[in-house]
Amino acid sequence: DSDHWKQISGGLKAIAAGSRTSVWGVNAAGNIYRYTNNDADPWVQIPGALTDVGAGADGTVWGVNAAGNIYRYTGDQPG
């Protein structure tokens, strides 16, 4: 039933939701995006390139690039 779905602008080939506030995606070009929950500008690009992404309920985000290398996002960790 499409009444329960709201289209969000943008185009992704993979998406992962760890929680309502932790939603990540990658597009066909390998660009990484984080959902902002802002209807006017719903996605912010994150530096890097991935082919798949996974988001955990604890906020941890993992990714895999085209070469099969595994990464964990640390951009939100204290320096």
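This is a short group-meeting talk on a predicted model of one protein chain.

Hi everyone, thanks for coming. What you have on the screen is a predicted model, so please keep that in mind as we go round it. I'll begin with the whole chain and then visit a handful of residues.

Let's take the fold first. The chain has seven strands and zero helices. Reading along the sequence, you get β-β-β-β-β-β-β, which is an easy pattern to remember.

How does the radius of gyration of the chain fit with a compact globule? For 79 residues, the rule puts a compact globule near 12 Å, and the chain comes out at 13 Å, so the two agree. If you like boxes, the C-alpha atoms fill one of roughly 40 × 30 × 25 Å along the principal axes.

On to burial and surface. Of the 79 residues, 28% count as buried. The chain exposes about 5600 Å², with carbon and sulfur atoms supplying 50% of that area. For those of you who think in electrostatics, there are 5 positive and 7 negative side chains, and the centres of the two sets are 6 Å apart. As for contact order, take the contacts between residues at least 6 apart in sequence: 26% of them join residues at least 24 apart.

Now for the residues, beginning with serine 22. It sits in strand β2, which covers residues 22-26. Is serine 22 buried or exposed? Its relative accessibility is 6%, and the cut-off for buried is under 20%, so serine 22 counts as buried. Its side chain has a polar contact of 3.4 Å with the side chain of tryptophan 24. Setting aside residues up to four places away in sequence, serine 22 touches Ala16, Ala17, Ala55 and Val61.

Just past that strand, in the loop between β2 and β3, we meet asparagine 27. This one is also buried, at 13% relative accessibility. What does the side chain of asparagine 27 have 2.9 Å from one of its polar atoms? The answer is the backbone nitrogen of asparagine 31. Beyond four places in sequence, asparagine 27 touches Gly11, Leu12, Lys13 and Tyr33.

The next loop, between β3 (31-35) and β4 (43-49), holds proline 42. Proline 42 is buried, with 7% relative accessibility. Leaving out neighbours within four places, its contacts are Ile8, Ser9, Arg34, Tyr35, Thr36 and Asn37.

That last contact deserves a stop of its own. Asparagine 37 is found in the loop between β3 and β4 too, but it counts as exposed, at 59% relative accessibility. Which sign does phi take at asparagine 37? It is positive, about 65 degrees, although the residue is not a glycine. As background for that, most residues other than glycine have a negative phi.

Further along is threonine 60, in the loop between β5 (52-55) and β6 (61-64). With a relative accessible area of 21%, threonine 60 is partly exposed. Its side chain makes a polar contact of 2.9 Å with the side chain of aspartate 58. Apart from neighbours within four places, threonine 60 is in contact with Gly54, Ala55 and Arg72. You may recall Ala55 from serine 22, which touches that residue as well. Threonine 60 and tyrosine 73 are 13 residues apart along the chain, and their C-alpha atoms are separated by 7.1 Å.

Our last stop is proline 78, in the segment after β7 (70-72). Proline 78 is exposed, with a relative accessible area of 77%, whereas proline 42 is buried. How far apart are proline 42 and proline 78 in space? From C-alpha to C-alpha the gap is 25 Å, for 36 residues in sequence. From proline 78 to glycine 59, the C-alpha separation is 14 Å, with their positions 19 residues apart along the chain.

To wrap up, we have a predicted chain with seven strands and zero helices. Among its buried residues are serine 22, asparagine 27 and proline 42, while asparagine 37 and proline 78 are exposed. Thanks for listening, and I'm happy to go back to any of these on the screen.

Terms used. Residues numbered from 1 in each chain as written. Predicted model: local features only at pLDDT ≥ 70, side-chain atom pairs only at ≥ 80, totals over all residues. Heavy atoms only, no water. Helix = DSSP H or I, 4+ residues; strand = E, 2+ residues; numbered from the N terminus. Buried < 20%, exposed > 50% of the residue type's maximum accessible area, 1.4 Å probe, protein only. Polar contact = N/O pair within 3.5 Å; in protein donor to acceptor, adjacent residues only side chain to side chain. Contact = heavy atoms within 4.5 Å. Rg over C-alpha atoms; globule rule 2.2 N^0.38 Å. Areas by Shrake-Rupley, 256 points an atom, 1.4 Å probe, with all protein chains shown as cover. Lys, Arg positive; Asp, Glu negative; His and termini not counted. Charge placed at Lys NZ, Arg CZ, Asp CG, Glu CD.
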